[in-house]
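Colleague: Please take a close look at one part of this model, a single strand and its partners, and then place that part in its wider surroundings.

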Amino acid sequence: HGELDLARAPALGGSFAGLEPMGLLWAMEPDRPFWRLIKRDVQTPFVVELEVLDGHEPDGGRLLARAVHERHFMAPGVRRVPVREGRVRATLFLPPGPGPYPGIVDLFGVGGGLLEYRASLLAGKGFAVLALAYYNYDDLPKSIATMHIEYFEEAVNYLLSHPEVKGPGIGILGISKGGELGLAMASFLKGIKAAVFINGSMVAVGNTINYKDETIPPVSLLRDRVKVTKDGLLDVVEGLQSPLVETKSVIPVERSDTTFLFLVGQDDHNWKSEFYANEISKRLQAHGKEKPQVILYPEAGHYIEPPYFPLYKAGMHIVVGTNVIYGGEPKPHAMAQVDAWQQLQTFFHKHLGAEERTIPAKL
């Protein structure tokens, strides 16, 4: 009848095979090497043009049909509120209807700037989410040489005092450097009830972490342990000194009363995320704290994004200054993203005391 049902028609070859209804999205690759697909403006959808051709690549032949597929980042009624409060530079996303809602601070990695796509999607799931910039944005510092946790404390206090955010505590969601900084927030600050970290670190990396009169120096870089792959890319996974050797660089997570969930790609080549998660778990338990939940994803790389974002396997590392490998294999990484997205929502609903609710959206 001129219809192609991707839930019933298996792919016979190409970038993926078998029943993969979302394979057309997660298996996409950049036209230019080392580019990462991210969404800058969440107020417009991703527009994906799908074509059915008569033949196969490289000569596709005659165009038989075309369809346009829109992927929206803001569910109907989600509110986007730019925030310039004191030093805080952020965007707050609020669900439709009256609150109060459980609040989450959302942190990304060393790319800097202000990324809103994860926060906007989570607001459609019943959370008030503050997408927080911390450098290289607006009038914030241009470098990350020193991270002052007081800035993040200001953001936490802003969210806690917001009339549409329900207390008594909030959540943190952080990936990569955002996980490292989120761990420092949970260790030094009050009011953080639950935290989800995706491939984060347990040590200060590439910068000093300061809070009041305490300083955590960055862990040593072991340049002689960095390898070059056969493709000429750097593999930096062994390039940081062990936290068991340089204990002064370890973030004092044992001070925290936060409940933690660690989501870990076992093929992360940015740093040793699985080792860090396990060591944090040991450290917490050694100090009589609750054992955190750790979920491991085989063959998943560093950038575990919301569902169906294509794998970012290698690209520019701001701190290293060149292209590095981030790891992961396309299909298992895609499956990890789907599961991680559900796991973090379930965790926050449970520990921030919200009723699970789904708002209809074209996602």
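Modeller: In this predicted model, Val105 stands opposite Leu130, a residue of strand 6. The two strands concerned, strand 5 (residues 101–107) and strand 6, pair in the parallel sense over 4 bridges. Between them the chain passes from strand 5 through helix 2 (residues 117–123) to strand 6, a β-α-β crossover that is right-handed.

Strand 6 also pairs with strand 4 (residues 88–94), here in the antiparallel sense, again over 4 bridges. In that pairing Phe93 stands opposite Val129 of strand 6. In general, the strands of a sheet pair through backbone hydrogen bonds, in either a parallel or an antiparallel way.

As for its surroundings, strand 6 (residues 128–132) is mostly covered, with 5 of its 5 residues buried. The cover extends to both faces of strand 6. Ala128, Leu130 and Leu132 are buried on one side, and Val129 and Ala131 are buried on the other. Leu130, the residue opposite Val105, therefore counts as buried, that is, under 20% relative accessible area.

Strand 6 belongs to an open sheet of 8 strands with mixed pairing, in the order 3-4-6-5-8-9-14-15. The edges of this sheet are strand 3 (79–85) and strand 15 (293–297), each of which pairs on one side only. From one strand to the next, the twist averages 20°. At the strand 3 edge, strand 3 and strand 4 pair in the antiparallel sense over 7 bridges. Within that pairing, Arg84 stands opposite Arg89 of strand 4.

Beyond the other edge strand, the loop between strand 15 and strand 16 (314–317) contains Glu305. Glu305 is buried, because its relative accessible area is 6%, and the cut-off for buried is under 20%. Glu305 and Tyr137 are 168 residues apart in sequence, and their C-alpha atoms are 22 Å apart in space.

There is also an open sheet of 3 strands, with the order 7-10-11 and mixed pairing. Its edge strands are strand 7 (146–148) and strand 11 (214–216), and each pairs on one side only. Neighbouring strands of this sheet are turned by 20° against each other on average, direction ignored. Strand 7 pairs with strand 10 (residues 208–211) in the parallel sense over 3 bridges, and Thr146 stands opposite Thr208 of strand 10.

Turning to the pockets, the largest has a volume of about 1500 Å³. It is lined by 37 residues, of which Leu4, Leu6, Leu24, Glu51 and Val52 are the closest to its centre. Helix 1 (23–26), strand 1 (46–53) and strand 2 (63–71) are the elements that give two or more residues to this lining. By class, the lining of the largest pocket consists of 20 nonpolar, 10 polar and 7 charged residues.

The second largest pocket holds about 580 Å³ of space. Of the 23 residues that line the second largest pocket, Met28, Glu29, Pro30, Trp35 and Leu311 are the closest to its centre. The lining of the second largest pocket divides into 14 nonpolar, 3 polar and 6 charged residues.

Note on methods:
Residues are numbered from 1 along each chain as its sequence is written. This is a predicted model: local features need pLDDT of at least 70, side-chain atom pairs count only at pLDDT 80 or more; totals for chains, interfaces and linings use all residues. Side-chain values use heavy atoms; hydrogens and water are left out. On a 1 Å grid over the protein atoms alone, a cavity is a set of points where a 1.4 Å probe fits but cannot get out, and a pocket is an open set with protein on both sides within 12 Å along at least five of seven lines; lining residues have an atom within 4 Å of a point. Grid points are joined across faces, edges and corners, and a volume is the space filled by probe spheres set on the points. Ala, Val, Leu, Ile, Met, Phe, Trp, Tyr, Cys and Pro count as nonpolar, Asp, Glu, Lys and Arg as charged, and the others, Gly among them, as polar. Buried means under 20% relative accessible area, exposed over 50%, partly exposed in between (1.4 Å probe, protein chains only). Two strands pair if DSSP finds at least two bridges between them. A crossover is right-handed if, with the strands pointing away from the viewer, the path from the first strand over the helix to the second runs clockwise. Axes are lines fitted to C-alpha atoms, for helices over the stretch in contact, and angles run from 0 to 180 degrees between N-to-C directions.
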